[in-house]
Each structure stands twice: as C-alpha cells, then as structure tokens.
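Student: Could you take me through the largest pocket of this model in detail? I would like to know how much space lies in it and what lines it.

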Amino acid sequence: AYFNLTVIIKDESIPTIDGPDSVTVNVNNESSIEEIILSNYTASDGYDGSLFVSYSLDDYTANKTILGSYLITLSATDNSNNNITKNITINVVDVDAPIINNGPTIDVFLSDTKTINEVITLLGVTDNYDLYDELVFGANNNTYTGSESIVGTYTFDLVVIDTSNNILSSQIVINVIDDIEPSIQGPNIYSISYTEELSINDILN
C-alpha cells in the first residue's frame with residue numbers, strides 16, 4: 001500500500017526583544033518614540049533573523065514635554081506570525097540647570113539703587129522647564145547688602161535650584177557707579193559794592 005505523507009515544517013519559536021526595561025530621556029531633546037526604539041531595542045528570531053520592532057501602546061508621545069514615566073508596549077512578529085510583546089518605561093527627566101541671561105556682572109547706579117533681590121531679577125535667570133516663580137534662589141557670601149549706596153565693587157554667590165534639583169552656582173559681580181552730577185548751592189545773583197575789593201575766590205567762598 002502506498003499513501004502520500006505531507007511533512008509541514010513550522011516555525012513556532014517566539015522571537016525575542018532585546019533592550020532595557022526602561023529608558024531615560026531629557027525633556028529638552030523631545031526624542032520620538034521611533035528614535036528611542038531604534039537606539040535601544042532589537043528583535044530577532046531563530047528562523048527569520050532580525051525583525052522590526054514596533055509598538056502597540058504609546059503613553060509617551062503625547063507627554064514627551066512633561067516630566068514623568070510613561071508605558072510603552074513593544075512588539076515584534078516573525079514571518080510565521082509568532083509574536084512577542086515587551087512593556088517598557090520611558091522616563092522623561094530634566095537634567096539642565098537654570099541659566100543666567102544677563103551677567104554675571106551687573107552695573108547699579110546711585111541714581112537708581114537696587115536691593116539684592118532686584119539685582120537677582122536683573123540677571124534674567126531662566127530654566128528650560130520650570131517657571132521663574134518655581135525656582136529657589138540663594139545669595140551667599142553677600143558683600144553688597146548694606147553698601148547699595150556706596151561706590152565700589154561687590155560680590156555674592158548666586159545659587160538657583162529648579163524643581164528637579166538641578167543647581168546653578170555662579171559668583172555675581174556688582175559695580176556700584178556714581179552717575180549723580182555735583183550740585184552747586186548759592187544765589188544766582190551776588191551783589192557787592194564797587195568799593196569792595198573782592199576776588200572771584202572771595203565771592204565763591
């Protein structure tokens with residue numbers, strides 16, 4: 001007796017996705033989900049070799065400008081429809097300290113004296129993520145306060161901390177400058193007798 005026997009060779013092996021369980025990205029970079037996957041993840045199969053890594057869940061893209069942790073579900077499928085998924089977390093963080101836009105030297109004039117807090121405002125400190133009112137300011141080793149109206153050069157150590165504990169530290173130099181013109185006190189008209197023998201210095205004095 002004879003019969004036909006068909007042998008079906010099947011690939012039933014599940015692919016693998018290689019890469020970390022979490023990835024940290026800088027909020028300033030605004031990396032796309034595709035860039036993150038390409039840089040950090042690969043998929044392979046025992047029969048088909050390298051596979052494309054896609055994603056089926058993306059909580060990151062809509063929130064990539066907001067600090068936080070977001071769930072992503074990665075997926076890879078071979079030519080036999082064997083599929084694997086991997087849940088990962090993308091952590092969006094702020095790693096950049098505040099910056100000084102005007103400084104670190106500030107000129108203050110006697111005609112318009114400034115407090116130390118007003119000088120700090122003049123420095124134009126900004127942060128890549130936090131609002132100005134969310135920053136914490138400190139002025140250490142301050143030689144300026146108490147000498148606002150005395151011509152000279154003064155310093156203090158500025159410390160600014162954002163909500164992610166990134167720290168700006170810089171020595172600030174304050175030049176107090178005399179821009180007030182001298183004033184002359186006395187009458188506009190000075191009358192003397194022609195018999196008085198006075199010099200111009202006598203009159204001025």
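Tutor: Gladly! The largest pocket holds about 200 Å³ of space. This is a predicted model, in which local features need pLDDT of at least 70 and side-chain atom pairs count only at pLDDT 80 or more, while totals for chains, interfaces and linings use all residues. Residues are numbered from 1 along each chain as its sequence is written, and side-chain values use heavy atoms, with hydrogens and water left out.

A pocket here is an open set of points on a 1 Å grid over the protein atoms alone, where a 1.4 Å probe fits, with protein on both sides within 12 Å along at least five of seven lines; lining residues have an atom within 4 Å of a point. The volume is the space filled by probe spheres set on those points, which are joined across faces, edges and corners.

Now to the walls. E34, I37, L38, Y41, T42, A43, S50, L51, F52, V53, S54 and Y55 line the largest pocket. At least two lining residues come from each of α1 (33-40), β3 (42-45), β4 (49-51) and β5 (54-58), and α1 gives the largest share, 3 residues. These elements are DSSP runs numbered from the N terminus: helices are H or I of at least four residues, strands E of at least two.

By class, the lining has 8 nonpolar, 3 polar and 1 charged residues. In this scheme Ala, Val, Leu, Ile, Met, Phe, Trp, Tyr, Cys and Pro count as nonpolar, Asp, Glu, Lys and Arg as charged, and the others, Gly among them, as polar.
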